[in-house]
Amino acid sequence: MKILVTGAKGFVGRNLCENLKNLREGKNRTRPALAVDEIYEYDLDTDPALLDEYCAKADFVFNLAGVNRPKNEAEFMQGNFGFASTLLDTLKRHGNTCPVMLSSSIQATLIGRYGQSDYGKSKLAGEELFFDYSKKTGAPVLVYRFPNLFGKWCRPNYNSAVATFCYNMAHDLPITVNDRATELELLYIDDLIEEMLDALESRPHRCDYDGLTPVFSAQGRYCAAPVTHKVSLGEIVDLLQKFHDQPRTLVVPAIPAGSFAKKLYSTYLSYLPKEKAAFPLKVNTDARGSFTELLKTENCGQFSVNISKPGITKGQHWHNTKWEFFIVVAGRALIQERRVDSDEVLEFTVSGDEPTAVQMLPGYTHNIINLSDTEDLITLMWANEPFDPAKPDTFGLPV
């Protein structure tokens, strides 16, 4: 399949083209039926003569070109309607009736806070141009009305509040929010790209609109990505503050699969400057070795690394409710556990050559002994809850 992407250097275009390249080069094997042979990238600095060549060859067109921040309002119509007209006329001249996707905007509804904006009018005019083209040529058209988009590579201080907030938080710049309760409907770039790949496989999600809300149906006039998130500005800023503070607190907020928080965290990280991509950890040392907390979570405990010097025994304590995993990654150790009301000792000899997860059982006093006389023992440890000095649930008792 030969695919033309206009606006290829924009936020959506860059993400789409890079993912199409992954498919073309066999790096993404999740869509075995989708064969990408050529990717024609067209943008403002592309030789206009190439548009004619690309339109003659394309099997699918993603029209992502458009104007968001023109010098004057007249440029909205020229950028969002004029180029679309040129594109469709070129396809028509070559008799190419391949599917064509249009990136429109929810502002094209011209209702609610979108009113009678020139941007919305230009997008609506582009939509009608595409629908009329489909009627006259029989070519399938897929018109997507995007809500607010966010994700990696989105330009800050341009037309995305989320991109601006992420950039400012990552660079310790102030964030201005006039009304924390203001709600945005947000579409994550990876969810949009998946929808666009669905469209390539002739499986777009079609819909009609009830005001600003898509109503999905197989015969819908429009298309839409099925997963969006409605989030207040206050929620966004509060999450970003937690992400910002993570190198100090070591706490990663809850980021369930598919959640807005997970997608926002990935977005935030993409704006970090080099000096924040790495941060020091507090190493607690004594004569026996060291202990370093690596990561804490709100709901799933914490990770740490323990280093024991040759011949050293650590632990010798038990917990009521807390449990842990010990995983030796370098060296050789003996792990011992004994239920506090029993004389029976469970013993596990482990080494970094064959990593094994050993569970520290609640109600069992336990230790870990470095069996080497010369080498340090390195153990990764996970506990089901972060350490709370006010309620440590840790009681000294030799095995």
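In the predicted model, His229 is located in strand 11, which covers residues 229-232. With a relative accessibility of 12%, His229 falls under the 20% limit and is therefore classed as buried. When residues up to four places away in sequence are disregarded, His229 touches Leu184, Glu185, Leu186 and Asp191, together with Gly258, Ser259, Phe260 and Lys263. The separation from Ile3 amounts to 226 residues in sequence and to 29 Å in space between the C-alpha atoms.

Two of the residues touched by His229, Phe260 and Lys263, are also among the buried residues of helix 8. This helix comprises residues 260-269, and seven of its ten residues are buried, so helix 8 is largely enclosed by the rest of the structure. Besides Phe260 and Lys263, the buried set consists of Ala261, Leu264, Tyr265, Thr267 and Tyr268.

The protein chain as a whole contains eight helices and 23 strands. Its C-alpha trace extends over about 85 × 45 × 40 Å along the principal axes. The radius of gyration is 28 Å, whereas a compact globule of 399 residues would be expected to have a value near 21 Å. Of the 399 residues, 44% count as buried. Among contacts between residues at least 6 apart in sequence, 71% join residues that are at least 24 apart. The accessible surface comes to about 20100 Å², and carbon and sulfur atoms contribute 52% of this area. With regard to charge, the chain carries 42 positive and 51 negative side chains, and the centres of the two sets are 4 Å apart.

Aromatic pairing was examined next. The structure holds 13 aromatic pairs. One of them is formed by Phe131 and Tyr222, whose rings are arranged edge-to-face, with 5.5 Å from centre to centre and 85° between the planes. This pair links distant parts of the chain, as Phe131 belongs to helix 4 (residues 118-137) and Tyr222 to strand 10 (residues 222-223), 91 residues apart. Phe131 and Tyr222 are both buried. Ring pairs further join Phe131 and Tyr222 with Tyr209 in a cluster.

A tilted pair is formed by Phe325 and Trp382, with a centre-to-centre distance of 5.6 Å and an angle of 35° between the planes. Here too, distant parts of the chain are linked: Phe325 lies in strand 17 (residues 324-330) and Trp382 in strand 22 (residues 377-383), 57 residues apart. The two partners fall into separate accessibility classes. Phe325 has a relative accessibility of 26% and therefore counts as partly exposed, whereas Trp382, at 18%, counts as buried.

Strand 22 also borders the loop in which Pro386 is found, the other end of this loop being strand 23 (395-396). Because its relative accessibility is 29%, Pro386 counts as partly exposed. Apart from neighbours within four places in sequence, Pro386 is in contact with Lys296, Thr297, Gly301 and Gln302. For Gly301, the C-alpha to C-alpha distance from Pro386 is 4.9 Å, although the two residues are 85 positions apart in sequence.

Note on methods. Residues numbered from 1 in each chain as written. Predicted model: local features only at pLDDT ≥ 70, side-chain atom pairs only at ≥ 80, totals over all residues. Heavy atoms only, no water. Helix = DSSP H or I, 4+ residues; strand = E, 2+ residues; numbered from the N terminus. Rg over C-alpha atoms; globule rule 2.2 N^0.38 Å. Buried < 20%, exposed > 50% of the residue type's maximum accessible area, 1.4 Å probe, protein only. Contact = heavy atoms within 4.5 Å. Areas by Shrake-Rupley, 256 points an atom, 1.4 Å probe, with all protein chains shown as cover. Lys, Arg positive; Asp, Glu negative; His and termini not counted. Charge placed at Lys NZ, Arg CZ, Asp CG, Glu CD. Phe/Tyr/Trp six-rings, centres within 6.5 Å; stacked < 30°, edge-to-face > 60°.
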